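Biologist: Thanks for sitting down with me. Could you show me the model, and then we can talk through some of its rings and buried spots?

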Amino acid sequence: MNKPFLPFHILAKPIGALCNLRCEYCYYLEKNKLYPGRKASRLRMTDQMLETLIQSVIQLRFPWQKEVRFSWQGGEPSLMGLPFFKKVLALQKTYAPRGLNVYNEFQTNGTLVSDDFARFFHDHSFLIGVSIDGPEKLHDRFRRDASGRASFRAVMRGIERLDRHEVEYNLLTVVHAHNSRHPEDVYRFLVSLGSPFIQFIPLVEKEADGTASPRSVEGEAWGNFLNRIFHLWRLHDVGTVFVQYFDTILGLSMGLPSAVCVHAKECGRALAVEHNGDLYSCDHYVDPEHKLGNIRETSLSSMVESEKQRSFGEKKYTALSSTCRRCEFLHLCNGGCPKDRIGGNGREEINWLCLGYKAFFKESSPYFSAMADALLHRFPASEYRRFMKTCRGYDRSAPGGTALTERRE
């Protein structure tokens, strides 16, 4: 079996797009249309398909790899039920050779997390991602169930169960036109929940005419959201709260490769597999054009390293607009996610969030440079003030300069 040249990651959708919620902005609910006429009972990964998936992922790794990660998403993966994930563990144990560590990640809306699920997650070291869009009024604006009922309180009950059973979890917040106007409220609420790991995902929806939907966060609003939260974080929480986006930009400031595909030079290493084994280039591109094949019929390695998938990943950079190529922040942004590029009518395709990215990079770069210097000098990033050189409010004479007037928002 041919081995991939670069690490890859598979997002497994064992129940496809089925979900107990009907979040207005969910891009995945419509993927059921790919399997017309199928009853809900058939939109579930079979035991045979699960075994094929686990065997394929474990076999397709470098000899030096000491770990393999499985990411379970949906839809809502908890609808598969606890017995399914017990089978997951049994099959991983069967196919994992001695010395290989197997980890499981599980993205959920949190509403169906029972004590039994939480206990299972704890006992088997699952890393959980919980989707929550901020305080109750902000969260419930778009995240409701099929009957239109609010979901916030059910999510909070799920989080309480995760806490009770000492489960490690991340908080994932979709930033949209509504909650983007309240960055401090969102951030303080998320921090109050107690998990030190936070992810922000900007919502960019394309309408039929190619324009962005009213729910989408505007570029300027995205930059303002990030900047206002960034200053709260750097003043109070560096080293204790880990915001994935800030960690990514700090790594890029140190010359490291992007930790997330959004700002990597190329993409195509995070693929999605549907309940029936169909493999797609990315979970944002689950459509007939980007279907690579089926893991039951074609080897996973040949699809991951296919010319079609390589071209998909490389196009992120090769299709950059001339405006992007001239940008001073190209090394940090790399054009953002291709799905967020909007153009047409003779206009260049530019990332819808471009103005926000630029505003954030311009505002935060001096601080990230100081944090990078601190780490390179074997100080924690929280000691960045010692290394401030170019940011207003500090003595710029030398590393270790004294804070003169700390900026406060």
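Modeller: Happy to. Keep in mind that this is a predicted model. A good place to begin is the aromatic pairs, of which the structure holds 35.

Biologist: What kind of aromatic pair do Phe152 and Phe189 form?

Modeller: Their ring centres are 5.9 Å apart, and the planes meet at 45 degrees. Stacked pairs have planes under 30 degrees apart and edge-to-face pairs over 60, with the rest falling in between. At 45 degrees, the pair of Phe152 and Phe189 is therefore tilted.

Biologist: How many residues apart in sequence are the parts that this pair ties together?

Modeller: Phe152 belongs to helix α5, while Phe189 belongs to helix α6. Both residues are buried. Because the two rings sit in those two helices, the pair ties together parts whose separation in sequence is 37 residues.

Biologist: And what kind of pair do Phe197 and Phe242 form?

Modeller: Phe197 is in strand β6 and Phe242 in strand β7, 45 residues apart, so this pair links distant parts of the chain. The centres are 5.7 Å apart, with 25 degrees between the planes. As 25 degrees is under the 30-degree limit, the pair counts as stacked.

Biologist: Are Phe197 and Phe242 buried, exposed or partly exposed?

Modeller: Phe197 has a relative accessibility of 28%, and Phe242 has 31%. Buried would need under 20% and exposed over 50%. Both values lie between those cut-offs, so Phe197 and Phe242 are each partly exposed.

Biologist: Back to helix α6: which parts do its buried residues pack against?

Modeller: Helix α6 covers residues 183-192, and its buried residues are Pro183, Glu184, Val186, Tyr187, Phe189 and Leu190. After the helix comes Gly194, with a positive phi near 105 degrees. The buried residues pack against α4, α5, β5, β6, α7 and β7.

Biologist: Is Asp340 buried or exposed?

Modeller: Asp340 lies in the loop between α12 and β11. Leaving aside neighbours within four places in sequence, its contacts are Val204, Ile350, Asn351, Trp352 and Leu353. Its relative accessible area is 3%, and the cut-off is under 20%, so Asp340 is buried.

Biologist: One last thing: which residue lies over the face of Tyr317?

Modeller: There are two such arrangements worth a look. Lys13 lies over the face of Tyr28, 4.1 Å from the ring centre. For Tyr317, the residue over the face is 5.1 Å from the ring centre, and its name is Arg325.

Methods:
Residues are numbered from 1 along each chain as its sequence is written. This is a predicted model: local features need pLDDT of at least 70, side-chain atom pairs count only at pLDDT 80 or more; totals for chains, interfaces and linings use all residues. Side-chain values use heavy atoms; hydrogens and water are left out. Helices (H or I, at least four residues) and strands (E, at least two) are DSSP runs, numbered from the N terminus. Buried means under 20% relative accessible area, exposed over 50%, partly exposed in between (1.4 Å probe, protein chains only). Contact means heavy atoms within 4.5 Å. Rings of Phe, Tyr and Trp (its six-membered ring) pair if their centres lie within 6.5 Å; planes under 30 degrees apart count as stacked, over 60 as edge-to-face and the rest as tilted. A charge sits over a ring if NZ of Lys or CZ of Arg is within 6 Å of the ring centre and within 35 degrees of the ring normal.
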